[in-house]
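These are my notebook entries on one structure, written down in the order in which I looked things up. I wanted to move from the cysteines to the helices, the core and then the loops.

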Amino acid sequence: MTLVTTERQGATAILTYANPPFGTLTGAGSNEMLAAVKAAVEDAAVRAIVITGGLPGIFIRHYDVGELSTASDALKDAPPPAPPQPGMRPSTGFLALVDAIHDAPKPVIAAINGLCMGGGFELSLACDLRIIGRNVTAIGLPETRVGIFPGGGGTQRLPRVVGEARAVEIILRGLTYDGPRAHEIGMVHECVDDPLARALELSAEFAGKGAEGVAYAKRLTRAALDRPLAEGLADERASFGAVMRTASAREGLRAARPPARIEEA
């Protein structure tokens, strides 16, 4: 069964996840979504990516607890894993998926049209923009309720979104919120009646923007809190020089020039 479908609307790739009946994310589903994200990134005609849920009332409910339980049983008597080497990153599965979304040189928008907990929320945290429906009843990180913690980026990305104090409360207590409350505390960017329609409206904006400028802007802003200011400024200045050399920058700047003044006789 195919869990991820891709369709195009203008310059936007819409990736829809549907795993009936519960809408949980699995290893197979993660790899399907990873392949879809990579394909959209490699397609020069795609300028933005929208991820949404394909089941009524569900974005991605959470990661499949059965798979996690099986993995926990298998690890019970296994030796501790070796510490990961610096710079090593997974190439498949859920962790590779959230890395690919975060690193995509194109805007990725989560159209959260239903339940969005655990791994589903962690996936949305890797996106650049999160648009939630007013009728969404639960979004958050409830992992501590079942004896684990958010292991797909939640402990690292949520503090960057809502601040350390709020993130600690959400993660330690395993809290979830409805759509309007999630917007109030900054977990999402907008709360609307139709999140997919709004996400498509936003994604259409990028069709008219220079792809290189957007890619540089995303990379630099995403890295801003992870390095010293001087290092970030040096990268920004070098990148600005690079983007000024692109055809899209020349076209955009020429179009934005004020009209030439007509000298009075």
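**Entry 1: cysteines.** I kept in mind from the start that this is a predicted model. I began with C127, and I found that its sulfur lies 9.1 Å from the closest cysteine sulfur, the one in C116, which is too far for a bond. A disulfide needs the two sulfur atoms within 2.5 Å, so I could set this pair aside because 9.1 Å is too far. My search of the whole structure then gave zero disulfides, and C116, whose nearest cysteine sulfur is that of C127, is in none. I also asked myself whether C116 and C127 are buried or exposed. C116 has 0% relative accessibility and therefore counts as buried, and C127, also at 0%, counts as buried too.

**Entry 2: helix α5.** Next I turned to α5, which runs over residues 154-162, and noted that G154, R157, L158 and V162 are buried there. These residues cover an arc of only 110 degrees around the axis, so they lie on the same side of α5. What do the buried residues of α5 pack against? I found three helices as partners, namely α3 (93-103), α4 (119-126) and α6 (164-173).

**Entry 3: L158 and the core.** I followed L158 further and, leaving out residues up to four places away in sequence, listed its contacts as F121, L125, L141, G153, G163, A167, I170 and I171. I then looked up the largest nonpolar core, which has 49 residues, and saw that L158 is among those with the most contacts inside it, together with I51, I101, L123, I139 and M187. Which helix gives the most to this core? It is α3, which contributes six residues. A second core of nine residues is separate from the large one, and it includes I14, V50, I131 and V192. I wrote beside this a general remark, that in soluble globular proteins nonpolar side chains tend to be buried together.

**Entry 4: the end of α5.** After α5 comes G163, and I noted that its phi is positive, near 95 degrees. G163 is found in the loop between α5 and α6, and because its relative accessible area is 26%, it counts as partly exposed. From C-alpha to C-alpha, G163 is 10.0 Å from M187, while 24 residues separate the two in sequence.

**Entry 5: a cis bond.** I looked next at the loop between β2 (12-17) and α1 (27-42), where P21 lies. The peptide bond that joins P20 and P21 is cis, with omega at about 5 degrees. For comparison I recorded that most residues other than glycine have a negative phi, and that most peptide bonds are trans.

**Entry 6: A45.** The loop between α1 and β3 (48-53) holds A45, and at 42% relative accessibility A45 counts as partly exposed. Where sequence neighbours within four places are left aside, I found A45 in contact with R8 and A11. A45 and A11 are 34 residues apart in sequence, yet 6.0 Å apart in space from C-alpha to C-alpha.

**Entry 7: rings.** Last, I checked the aromatic rings, and how many aromatic pairs did I count? The count came to one aromatic pair. I also found a charge over a ring, since the charged end of K209 sits over the ring of F206, at 5.7 Å from the ring centre, where the cut-off is 6 Å.

Notes. Residues are numbered from 1 along each chain as its sequence is written. This is a predicted model: local features need pLDDT of at least 70, side-chain atom pairs count only at pLDDT 80 or more; totals for chains, interfaces and linings use all residues. Side-chain values use heavy atoms; hydrogens and water are left out. Buried means under 20% relative accessible area, exposed over 50%, partly exposed in between (1.4 Å probe, protein chains only). Helices (H or I, at least four residues) and strands (E, at least two) are DSSP runs, numbered from the N terminus. The arc is that of the directions from the helix axis to the C-beta atoms. Contact means heavy atoms within 4.5 Å. Rings of Phe, Tyr and Trp (its six-membered ring) pair if their centres lie within 6.5 Å; planes under 30 degrees apart count as stacked, over 60 as edge-to-face and the rest as tilted. A charge sits over a ring if NZ of Lys or CZ of Arg is within 6 Å of the ring centre and within 35 degrees of the ring normal. A nonpolar core is a set of buried Ala, Val, Leu, Ile, Met, Phe, Trp, Tyr and Cys residues joined through side-chain atoms within 4.5 Å.
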